[in-house]
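This report looks at the empty space inside a protein and at the ligand that occupies part of it. Please view the sequence and the structure before reading on.

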Amino acid sequence: MISKHIQDTTTLHNGVTMPWLGLGVFQVAEGEELVQAVKTAIKQGYRSVDTAAIYGNEQSVGQAIQEAISESGITREELFVTSKVWNADLGYEATLAAYETSLAKLGLDYLDLYLIHWPVQGKYKEAWRALETLYKEGRVRAIGVSNFQIHHLEDVMKDAAVKPMVNQVELHPLLSQQELRRYCAEHGIQIEAWSPLMQGQLLENPVLREIADTHHKSIAQVILRWDLQHGIVTIPKSTKEHRIIENASLFDFELTADEVARIDQLNQSLRVGPDPDNFDF
Ligand SMILES: NC(=O)c1ccc[n+]([C@@H]2O[C@H](COP(=O)([O-])OP(=O)(O)OC[C@H]3O[C@@H](n4cnc5c(N)ncnc54)[C@H](OP(=O)(O)O)[C@@H]3O)[C@@H](O)[C@H]2O)c1
């Protein structure tokens, strides 16, 4: 279960494999910095990248993928590309159209994973029908949701023909999402952590510092290793080469059960991002 290698994967409930580790690209503008970050990650062994229509950077992510393919001999099939439909495009026809727009910007003919970005009340079920259509037509390898609480998952699954394969949510030691993780495990939905490093806000934590020192690792590495040992897909964001490398150097140490438990106890149900039950965008 515990991954041993940067390219190790989890198997989603439809049999598609997804890397445990990916590169996040939130808050990085289109341009050379992003192209270089994605190419560096692929060079360093990352095989998964997580973008979204609203990030406004699908073109640069796509450019980096094309360049990596032509320069390094890696194939499209070895990569796992995720994007997400934005709230303004939730609706059956609108979501189908949004998928085509994302593909065109990325310069790809399929995505590995397409997610509903936020559970906008009254809208996400029609969007889910569109994702089911894309999936049944073989246009996307896996479909899922993001920022869904248990009640959103129950609601969408009531009428769904296809169960979401992934739920990507804010998750880090101060927001460990135990109840949601248990529910998703019971239903075969893979949990994926966004802001796994709490956007850099956990890097002074004394408990994490002590554990990191024991292993001669950084706090970021301890957090990401904690994700892996819990069976959580994780997508830390960095545009800096040394951190892209650091965030992938997770496979030469193991947290003890006691250390995992100590990190579990840090939970305060504290969010850095919006509350999925109370957002207005
Ligand atoms: N579905 C959603 O609603 C949603 C919401 C938010 C994010 N996401 C996804 O999740 C990804 C990750 O979340 P995030 O970008 O919000 O936050 P994050 O990955 O928790 O943290 C990123 C921040 O930490 C810094 N950092 C990265 N590695 C570090 C290290 N080893 N040591 C010290 N600092 C480090 C980065 O700076 P540098 O770049 O300068 O290194 C950046 O400021 C996003 O990029 C996006 O793909 C999804």
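The text below covers the ligand, the largest pocket and the cavities.

The model is predicted, so local features need pLDDT of at least 70 and side-chain atom pairs count only at pLDDT 80 or more, while totals for chains, interfaces and linings use all residues. Residues are numbered from 1 along each chain as its sequence is written, and side-chain values use heavy atoms, with hydrogens and water left out.

**The ligand.** There are 29 residues around the ligand, and Asp50, Ser195, Ser238, Lys240 and Arg243 come nearest (a residue is near if one of its heavy atoms lies within 4 Å). By class, this shell has 12 nonpolar, 11 polar and 6 charged residues. Here Ala, Val, Leu, Ile, Met, Phe, Trp, Tyr, Cys and Pro count as nonpolar, Asp, Glu, Lys and Arg as charged, and the others, Gly among them, as polar.

The table gives polar contacts of the ligand (pairs of N or O atoms within 3.5 Å).

| Ligand atom | Partner | Distance |
|---|---|---|
| oxygen | proline 196, polar backbone atom | 3.4 Å |
| oxygen | glutamine 199, side-chain N or O atom | 2.9 Å |
| nitrogen | glutamate 246, side-chain N or O atom | 3.0 Å |

Taken alone, the ligand exposes 900 Å², of which the protein buries 90% (areas by the Shrake-Rupley method with a 1.4 Å probe).

**The largest pocket.** On a 1 Å grid over the protein atoms alone, a pocket is an open set of points with protein on both sides within 12 Å along at least five of seven lines; a cavity is a set where a 1.4 Å probe fits but cannot get out; lining residues have an atom within 4 Å of a point. The ligand takes up the space of the largest pocket (more than half of its atoms lie within 2 Å of the grid points). This pocket holds about 710 Å³ of space. It is lined by 32 residues, and Phe26, Gln27, Ser195, Gln199 and Lys237 are the closest to its centre. The lining divides into 15 nonpolar, 12 polar and 5 charged residues.

**The cavities.** The structure holds 2 cavities of 30 Å³ or more. The largest cavity has about 40 Å³ of space, and its lining includes Leu23, Tyr46 and Leu79. Helix H1 (32–43) and strand E4 (48–50) each give two or more residues to this lining, with H1 giving the most, 3 residues. The second largest cavity has a volume of about 30 Å³, and among its lining residues are Asn147, Glu170 and Arg271.

Conventions
A polar contact is a pair of N or O atoms within 3.5 Å; within protein, one must be able to donate a hydrogen and the other to accept it, and residues adjacent in sequence count only if both atoms are side-chain atoms. Grid points are joined across faces, edges and corners, and a volume is the space filled by probe spheres set on the points. Helices (H or I, at least four residues) and strands (E, at least two) are DSSP runs, numbered from the N terminus.
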